[in-house]
Amino acid sequence: MRILVVEDDASLNRQIVAALEDAGYAVDKALDGEDGQFLGETEPYDLVILDLGLPKIDGVSVLNAWRRAERKMPVIILTARDRWSDKVQGFDAGADDYVTKPFHVEELLARVRALVRRAAGHASSEIVCGPITLDTRAGRALVEGMAIKLTSHEYRLLSYLMHHQGRVVSRTELTEHMYDQDFDRDSNTIEVFVGRLRKKLGVEVIQTVRGLGYLLDPDQGRG
Ligand code: CA
């Protein structure tokens, strides 16, 4: 899962990015509305955290522009305390949730998890596919109830497939949602990660769909 953070307070931006990376997300950042708007228009994010008071272009205008351009990713706005009118404007522009500054980063992370899984059609924080459970709250995976150790890239890969189980996901799509903008991307490495992940899971749930990509099939891998 890949997230964009648009926040002009450099230290707060760093803090949010670090917390998201620790939680297993690929993260891009922007420090003003112009950069933020461009990234949100051109890169496929699973979620955006958007401050409203931004230099160059304000957050509400950025959000309006994205929604006009049919960009549908979930957006959490960051608002100042006592600015209820900001929240109204933000929701009217197409925000999905808000967090009031100052906030505990744990609250922001919980809202991120909830929106990411709801956008993919999952209501519970535990996503299940056959023998595999993804505990999005703890950021870990279990096979038949036993926790398995995954690297951050393996977790991102499994997390994306689990959120989108039952549909074929191409290698390009996986690459775009697993790595941040600055990462030297090579879609061939996905194959390597899938191989390692299959070995660690020990169950045949990730199918290769020749020429198209990978499918996590909820009806496979039993027994
Ligand atoms: Ca600001």
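This passage describes helix α1 and the calcium site of a predicted model. Residues are numbered from 1 along each chain as its sequence is written, and side-chain values use heavy atoms, with hydrogens and water left out. Local features need a pLDDT of at least 70, and side-chain atom pairs count only at pLDDT 80 or more, whereas totals for chains, interfaces and linings use all residues.

Helix α1, a DSSP run (H or I, at least four residues) numbered from the N terminus, comprises residues 10–22 and reaches 18 Å from its first C-alpha to its last, close to the 18 Å expected at 1.5 Å a residue, where the expected span is 1.5 Å times one less than the number of residues. The buried residues of α1 are L12, N13, I16, V17, A19 and L20, buried being under 20% relative accessible area and exposed over 50% (1.4 Å probe, protein chains only). These residues cover an arc of only 165° around the axis, which puts them on the same side of α1; the arc is that of the directions from the helix axis to the C-beta atoms. On the other side of α1, R14 and D22 are exposed.

At the N-terminal end, α1 is capped by D9, a side-chain oxygen of which lies 3.1 Å from the backbone nitrogen of S11. Just after α1, G24 takes a positive phi of about 100°.

The calcium ion has as its protein donors (N, O and S atoms within 3.2 Å for Ca) D8 (OD), D51 (OD) and G53 (O), which lie 2.2 to 2.3 Å from the ion. Water is not among the atoms, so sites may look incomplete. Of these donors, D51 is buried, with a relative accessible area of 5%.

Key:
Helices (H or I, at least four residues) and strands (E, at least two) are DSSP runs, numbered from the N terminus. A polar contact is a pair of N or O atoms within 3.5 Å; within protein, one must be able to donate a hydrogen and the other to accept it, and residues adjacent in sequence count only if both atoms are side-chain atoms. Donors are N, O and S atoms within 2.8 Å of the metal (3.2 Å for Na, K and Ca); water is not among the atoms, so sites may look incomplete.
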